[in-house]
Amino acid sequence: MVSMQVVENVAVKLLQLAVTELPQDVKDALQRAHREEDTQVGKSQLKAILDNIDLAEKTSAPMCQDTGVIIFYVKAGSKLDGIDKIEDALRKATIRATKQVPLRPNAVNPFTQKNTSDNTGRHIPYIHWEIVPGDTLELTVLPKGGGSENVSALGMLSPSQGTNALKKFVIDTIINAGAKPCPPTILGIAVGGGADIAMNLAKQTLLKPLNQPNPDPELAKLEQELREAANSTGIGPMGLGGKTTVLDVKIDYAYRHPASYPVAIVVQCWAARRASAKIYSNEKIEYISHKVN
Amino acid sequence: MTTYPLRTPISEKDVRKLVVNDTIYLTGTIVTARDSAHKKALDLHKNGKQLPLNLEGLAVFHCGPIVKKENHEWNVLAAGPTTSTRMEPFEDDFIKNFKVRVVIGKGGMGKKTVDAMKHYGAVYGAFTGGAAVLAAKAIKQVKGVEWTDLGMPEAMWILDVENFGPLTVAIDTHGNNLFQTIQTKAETKKQKIYKTLGF
């Protein structure tokens, strides 16, 4: 039996971890980019990013003032008691973390422009549900920044042109985005399904660690090809020029309608924040993305 | 590519020495201003009213900080730059009327600002996007806050900074715009990239 107080506490902890400490795979990718950068300006931008990450971690301060819109991915065991109460616990956790960490209040009514000042509102925090066998609860939080979200794109492309149209759309999107999404970025790409399905899958690929190549060898090859092409634009860290424009490209897909070829690109800034934990039925907690003492 | 420590107020002569790709570190007084504060300052000026602070020679920082009041004193926790293009409609008049010498932000600005910087003598210093704790660390004291009616992020925060940077000079007084140069280069590479990708 997992109490909702435990769920709330773990969610607060995950929000705090996510905004103050990057997962090791993201830190590794940024360090590699810094080592490999050969322009002076690009290197200085990456150095500032690494110094900032270090300071944020040491002082438990949010690494970026934009602590994002809060999205939870929940994998709930079908035998878990109180699934219907999890949403309430996650909302409470968001309100608490906003004060405690603190997070910047980022939930605004799109019609009245009123900010609720606690990061909750209609459909926010957004919760993705997956029901899995068993009695454990896995929580992942993805605080998603606005600058990078603003250059995300959906293309309803022509099926006859297939992968070539996809590649062109990705390159055009990354060049149009330029400095705006705080590069080096991570591109989450998904093809097929439909407009909403592609977008949803594209965002979910941002939860995958950067050091894990795609299990499908063809997609792994495409990811590498697009990563190299994006980096050959020379846009570089912060759009000031340099070798690394994207840290990684992640691809997923769903089967498509014969007449449709939806391609979704979700752009994630260098502050690729995410945190996950598993809560077992005996209330044992296992943090997955971060080391917690 | 030279590194300059600069102290505000900065003279027009000093700012005209800077060229794109130079790095600057600022010490002294800077103020934050986003869209609303830019508009408010320009409205006051239009109506013949004084600003709460003379901005001549200072730096304006495009930033909505996370601040906390502790023991009756404001403490800046996170203060990364916001996207500067939102201030494009106001920045040329802001530079002209208030003679700020450095505009700090991320992502660069447009032609109107580039022209004003050339004409009146100011540079754009790009601060690393998202590096909010690094920025906060260089803020030694909050000297004051004006226009809190605009909301905390939009208010004008008057900050005492020490070695605030690195700021990459991305627009100089000679009409150079580093962001535009990089962007144009990427555009011209497009066809070659398409070819590499096999179409």
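A polar contact is a pair of N or O atoms within 3.5 Å; within protein, one of the two must be able to donate a hydrogen and the other to accept it. The exercises below use this term and treat a predicted model.

**Exercise 1. Describe the interface of chain A and chain B: how many residues are in contact, and what area is buried?**

Solution.
Step 1. Count the residues on each side. Chain A has 40 residues in contact with 37 residues of chain B.
Step 2. Take the area. About 3300 Å² is buried between the two chains, and carbon and sulfur atoms give 65% of this.
Step 3. Look for the residues of chain A that lose the most area to chain B. They are Gln65(A), Ile175(A) and Leu240(A), which together make up 19% of what that side buries.

**Exercise 2. How many residue pairs are in polar contact across this interface, and how many salt bridges does the rule find there?**

Solution.
Step 1. Apply the definition given at the start. The rule finds 13 residue pairs in polar contact between chain A and chain B, both residues being at pLDDT 80 or more.
Step 2. Now search for salt bridges, for which a side-chain nitrogen of Lys or Arg must lie within 4 Å of a carboxyl oxygen of Asp or Glu. The rule finds one across the interface.
Step 3. Name the partners. The side chain of Asp172(A) meets that of Lys190(B), with 3.8 Å from N to O.

**Exercise 3. Which elements give two or more residues to the side of chain A that touches chain B?**

Solution.
Step 1. List the elements. They are helix 3 (40-59), helix 6 (162-177) and helix 8 (217-231) of chain A.
Step 2. Find the one that gives the most. This is helix 3 of chain A, with 11 residues.
Step 3. Sort the residues of that side by class. There are 19 nonpolar, 14 polar and seven charged residues.

**Exercise 4. Asp38(A) forms a salt bridge with Lys243(A); which parts does the pair tie together?**

Solution.
Step 1. Check the distance. The closest N and O atoms of Asp38(A) and Lys243(A) are 3.8 Å apart, and the cut-off is 4 Å.
Step 2. Place both residues. Asp38(A) lies in the loop between helix 2 (24-36) and helix 3 of chain A, and Lys243(A) in the loop between helix 8 and strand 6 (246-253) of chain A, so the salt bridge ties together parts that are 205 residues apart in sequence.
Step 3. Put the pair in context. Over all chains, the search finds 24 salt bridges.

**Exercise 5. What are the volumes of the largest pocket and the largest cavity, and which residues line them?**

Solution.
Step 1. Start with the pocket. Its volume is about 900 Å³. Of its 38 lining residues, Asp66(A), Arg104(A), Gly146(A), Gly147(A) and Asn150(A) are the closest to the centre.
Step 2. Sort the pocket lining by class. It has 12 nonpolar, 15 polar and 11 charged residues.
Step 3. Turn to the cavities. The structure has two of 30 Å³ or more, and the largest cavity has a volume of about 70 Å³. Among the residues that line this cavity are Val26(A), Leu142(A), Lys208(A) and Arg274(A).
Step 4. Sort the cavity lining in turn. It divides into six nonpolar, two polar and four charged residues.

**Exercise 6. Where is the cis peptide bond that ends at Pro184(A), and where is the one that ends at Pro9(B)?**

Solution.
Step 1. In chain A, the bond from Pro183(A) to Pro184(A) is cis, with omega near 5 degrees. Pro184(A) is in the loop between helix 6 and strand 5 (185-191) of chain A.
Step 2. In chain B, the bond from Thr8(B) to Pro9(B) is cis, with omega near 0 degrees. Pro9(B) is in the loop between strand 1 (3-7) and helix 1 (12-15) of chain B.

Methods. Residues numbered from 1 in each chain as written. Chains lettered and ligands numbered in written order. Heavy atoms only, no water. Contact = heavy atoms within 4.5 Å. Buried area = accessible area lost by both parts, 1.4 Å probe. Polar contact = N/O pair within 3.5 Å; in protein donor to acceptor, adjacent residues only side chain to side chain. Helix = DSSP H or I, 4+ residues; strand = E, 2+ residues; numbered from the N terminus. Nonpolar A, V, L, I, M, F, W, Y, C, P; charged D, E, K, R; others polar. 1 Å grid on protein atoms, 1.4 Å probe; cavity = no way out; pocket = protein on both sides within 12 Å on 5 of 7 lines; lining within 4 Å. Points joined across faces, edges and corners; volume = space filled by probe spheres on them.
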